[in-house]
Amino acid sequence: GIERVKVLRALPAEGHGAPGEVLDATGTIACGKGAVQLLEIRRAGRGGTASGADFLRGTRLAPGARLA
């Protein structure tokens, strides 16, 4: 199903792909122009935060997957 997440901290990063495409296992996500590195996110309904890499590992999203 669909899960909402809130990006709390991110930085511009090198990379390109379709918007929302997971570019690597460290939490780099393609944007319309360039990419962002997810530094800290919070999953909906959860109190704690996670790094972008931990989030991707926990949800088993591999490079090439797309976030909406």
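This short talk covers the largest pocket and the salt bridges of the structure shown above. Please keep in mind throughout that we are looking at a predicted model.

Let me start with the pocket. The largest pocket has a volume of about 490 Å³, and its lining is made up of 15 residues, among which E3, R4, V5, L67 and A68 lie nearest the centre. If we ask which elements give two or more residues to that lining, they are strands β1 (5-13) and β3 (35-43), together with helix α1 (52-59). As for the chemical character of the lining, 10 of its residues are nonpolar, 2 are polar and 3 are charged.

Now to the salt bridges, of which the structure holds 3. I will take E3 at the outset, since we have just met this residue among those nearest the centre of the largest pocket. E3 forms a salt bridge with R43, and the closest N and O atoms of the two are 2.6 Å apart. This pair links distant parts of the chain, with E3 sitting in the segment before β1 and R43 in strand β3, 40 residues apart. How exposed are the two partners? E3 has a relative accessible area of 37%, so it counts as partly exposed, and R43, at 22%, is likewise classed as partly exposed.

The next pair is R9 with E40, where the closest N and O atoms of the salt bridge are 3.0 Å apart. Because R9 belongs to strand β1 and E40 to strand β3, this salt bridge ties together parts that are 31 residues apart in sequence. R9 is partly exposed, with a relative accessibility of 47%, and E40 is partly exposed as well, its relative accessible area being 22%.

The remaining pair that I want to show is R57 with D54, whose closest N and O atoms are 2.2 Å apart. What separates these two residues along helix α1? They are 3 residues apart in that helix, which means that about one helical turn lies between them. With a relative accessible area of 56%, R57 is exposed, because the cut-off for that class is over 50%, whereas D54, at 39%, is partly exposed.

To draw this together, strand β3 contributes R43 to the salt bridge with E3 and E40 to the salt bridge with R9, while β3 is also one of the elements that give two or more residues to the lining of the largest pocket. Helix α1, which holds both R57 and D54, is another element of that lining.

Key
Residues are numbered from 1 along each chain as its sequence is written. This is a predicted model: local features need pLDDT of at least 70, side-chain atom pairs count only at pLDDT 80 or more; totals for chains, interfaces and linings use all residues. Side-chain values use heavy atoms; hydrogens and water are left out. On a 1 Å grid over the protein atoms alone, a cavity is a set of points where a 1.4 Å probe fits but cannot get out, and a pocket is an open set with protein on both sides within 12 Å along at least five of seven lines; lining residues have an atom within 4 Å of a point. Grid points are joined across faces, edges and corners, and a volume is the space filled by probe spheres set on the points. Helices (H or I, at least four residues) and strands (E, at least two) are DSSP runs, numbered from the N terminus. Ala, Val, Leu, Ile, Met, Phe, Trp, Tyr, Cys and Pro count as nonpolar, Asp, Glu, Lys and Arg as charged, and the others, Gly among them, as polar. A salt bridge is a side-chain nitrogen of Lys or Arg within 4 Å of a carboxyl oxygen of Asp or Glu. Buried means under 20% relative accessible area, exposed over 50%, partly exposed in between (1.4 Å probe, protein chains only).
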